[in-house]
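This report describes a single protein chain, beginning with one residue and its surroundings and then widening to the sheet and the whole chain. The sequence and structure follow.

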Amino acid sequence: ACAIGSVLEDGENCMVDCSAPLVSDRRLKTDISLIGQTVHGLPWYRFRYRDGTQYFEGVMAQDVLVVAPEAVHVDEVGMLSVNYSLLGLRMRAVE
């Protein structure tokens, strides 16, 4: 087992469990850098959540909403979450 963000022996970073929607609203993130693109043509970013220090790689819910609205959930206060499993993707915690 590995903790979020730890590096495995083969050099791979731990993956985040994405079987449930993860809060992915751009308004909750900071230090956002575009690092690539997914197979779906979605921008792939490196970012931190505003209330944390850990960096992640993943998508922004606002981008997903345009391409795959069925993978986006809106909560009672209007924050957006993404169900990565519906996209065949996994968000990663990185060093």
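## Surroundings of Gly 58

Leaving aside neighbours within four places in sequence, Gly 58 is in contact with Pro 43, Trp 44, Tyr 45, Phe 47, Tyr 84 and Met 91, where contact means heavy atoms within 4.5 Å. The model is predicted: local features need a pLDDT of at least 70, side-chain atom pairs count only at pLDDT 80 or more, and totals for chains, interfaces and linings use all residues. Residues are numbered from 1 along each chain as its sequence is written, and side-chain values use heavy atoms, with hydrogens and water left out.

Gly 58 is buried, with a relative accessible area of 0%; buried means under 20% relative accessible area, exposed over 50%, and partly exposed in between, for a 1.4 Å probe and protein chains only. Gly 58 belongs to strand β4. Helices (H or I, at least four residues) and strands (E, at least two) are DSSP runs, numbered from the N terminus. The bridge partner of Tyr 45 in β4 is Gly 58. Between Gly 58 and Arg 92 the separation is 34 residues in sequence and 6.7 Å in space, C-alpha to C-alpha.

## The four-stranded sheet

An open sheet is formed by four strands in the order β2-β3-β4-β7, with antiparallel pairing. Its edge strands are β2 and β7 (92-94), each of which pairs on one side only. On average, neighbouring strands of this sheet are turned by 25° against each other, direction ignored; axes are lines fitted to C-alpha atoms, for helices over the stretch in contact, and angles run from 0 to 180 degrees between N-to-C directions. Two strands pair if DSSP finds at least two bridges between them.

The pairing of β2 with β3 is antiparallel and extends over six bridges, and Gly 36 stands opposite Trp 44 in β3. These two strands form a hairpin with five residues between them, in which Gly 41 takes a positive phi near 85°. Strand β3 (residues 43-49) is mostly covered, since five of its seven residues are buried. Four bridges join β3 to the antiparallel β4, and Arg 48 has Tyr 55 as its bridge partner in β4. A hairpin with five residues between the strands is also formed by β3 and β4. At the other side of the pairing series, β4 (residues 55-58) and β7 are antiparallel over three bridges. Across β4 and β7, Glu 57 stands opposite Arg 92, and Phe 56 stands opposite Ala 93.

## Asp 31 and Asn 83

What is the sign of phi at Asp 31? The angle is near 50°, a positive value in a residue other than glycine. Most residues other than glycine have a negative phi. Asp 31 is placed in strand β2 (residues 29-37) and is partly exposed, with a relative accessible area of 38%.

Asn 83 lies in the loop between β6 (80-82) and α2 (84-87). At 15% relative accessibility, Asn 83 counts as buried. The side chains of Asn 83 and Ser 85 are joined by a polar contact of 2.5 Å. A polar contact is a pair of N or O atoms within 3.5 Å; within protein, one must be able to donate a hydrogen and the other to accept it, and residues adjacent in sequence count only if both atoms are side-chain atoms.

## The chain as a whole

The chain has two helices and seven strands, and from the N terminus on its elements run β-β-β-β-α-β-β-α-β. Of its 95 residues, 41% are buried. Among contacts with a separation of 6 or more, 49% involve residues 24 or more positions apart. The exposed area is about 5,500 Å², of which carbon and sulfur atoms supply 53%; accessible areas come from the Shrake-Rupley method with a 1.4 Å probe, and for residues only the protein chains shown count as cover.

## Confidence

The average pLDDT of the chain is 82, and 77% of the residues score at least 70; pLDDT is the predictor's confidence in each residue, from 0 to 100. Over residues 1-9 pLDDT stays under 50, and the model has 21 contacts beyond four places in sequence for this stretch. Residues 15-19 also stay under 50, with 21 contacts beyond four places in sequence in the model. Where pLDDT is low, the predicted coordinates should not be read in detail.
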